[in-house]
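I opened a new structure today and kept short notes as I went. Here is what I looked up, entry by entry.

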Amino acid sequence: APVMIAATWRRAIPDNTRWERGASLFGLRPVPVVGRNQIRDRMWESLREVHRTRSARAVVVRGASGMGKSRLVHWMARRALELGAAEMIFASYVDDEEPGLSLRWAWLRAFNVVGMELETGGKLIARTLRDLDAADDVLIAATMRALQGSDDLDPASRYTLFTRLLGLFCKGRRPHIVVLDDIQWGMDGLDWIASVLAAQERSPVPVLFLCTVQEEALAEHPE
């Protein structure tokens, strides 16, 4: 059965019976996001549209550094997870990083193999793909090479691979939110989003891309 999504991200009536018990744990939890309801409503409505159409959407949050863009999109991903509306994959870019590195790390986290030995991680990746009904040895081998950074795929083929993986992760399950933080430094992330959106008529994928952009970095590097 299709996964249902709440009409709003807003909480129902507060559970006052849990305030005292939870107070001592406040420092262990993410600090709540206050205000910015309009952008939160727009992000939630975009996720509802992904649910309705089972196809991809993208939202870009722009602003100056330190204005809380990253916190806002991560809040959205966590809130969707709390309400059972989506799962999350995330990447965070830095200036002058190796091309493709952040997306590789995003998929390593998605497969839960960060820090594992290559052989152990490879077995987990293969088992995960087989559990997703992707018992395709060619796909499994290509995925492991791509995540090790040892593949010889051209960028377009790599984006096709990542999109296929995304479709498998979403198949029969909740849509995904893909957070791409500081994407002004990640041309590969922009190109991947463009390829996913361009393919929606023939190969729809239920994913919401949430991207943050530092406006001052764009001004310094308009290319």
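**Helices on the sheet**

I started with helix α4 (residues 101-110), which lies across β2 and β3 and runs at about 150° to β2. Lying across rests on contact, meaning heavy atoms within 4.5 Å. For the angles, axes are lines fitted to C-alpha atoms, for helices over the stretch in contact, and the angles run from 0 to 180 degrees between N-to-C directions. Helices (H or I, at least four residues) and strands (E, at least two) are DSSP runs, numbered from the N terminus.

A note to self on the source: this is a predicted model, where local features need pLDDT of at least 70, side-chain atom pairs count only at pLDDT 80 or more, and totals for chains, interfaces and linings use all residues. Residues are numbered from 1 along each chain as its sequence is written, and side-chain values use heavy atoms, with hydrogens and water left out.

Next I looked at helix α7 (residues 155-170), which lies across β2, β3 and β4, at about 140° to β3.

**The sheet itself**

In what order do the 4 strands run? I read β1-β4-β3-β2, an open sheet with parallel pairing. Its edge strands, each pairing on one side only, are β1 (57-63) and β2 (87-92). Neighbouring strands are turned by 15° against each other on average, direction ignored.

I then checked one pair: β3 (residues 176-181) and β4 (residues 207-214) are joined in the parallel sense over 5 bridges. Two strands pair if DSSP finds at least two bridges between them. V179 stands opposite L210 in β4.

**D182**

I found D182 in the loop between β3 and α8. Is D182 buried or exposed? D182 counts as buried because its relative accessible area is 12%, and buried means under 20% (1.4 Å probe, protein chains only). D182 touches Y93, T212 and Q214, leaving aside residues up to four places away in sequence. The side chains of D182 and Q214 share a polar contact of 3.1 Å; that term means a pair of N or O atoms within 3.5 Å, where within protein one must be able to donate a hydrogen and the other to accept it, and residues adjacent in sequence count only if both atoms are side-chain atoms. I also noted that D182 and V61 sit 121 residues apart in sequence and 9.8 Å apart in space, C-alpha to C-alpha.

**D188**

Last, I went to D188 in helix α8 (residues 187-198). The side chain of D188 makes a polar contact of 3.4 Å with the side chain of Y93.

Key
Buried < 20%, exposed > 50% of the residue type's maximum accessible area, 1.4 Å probe, protein only.
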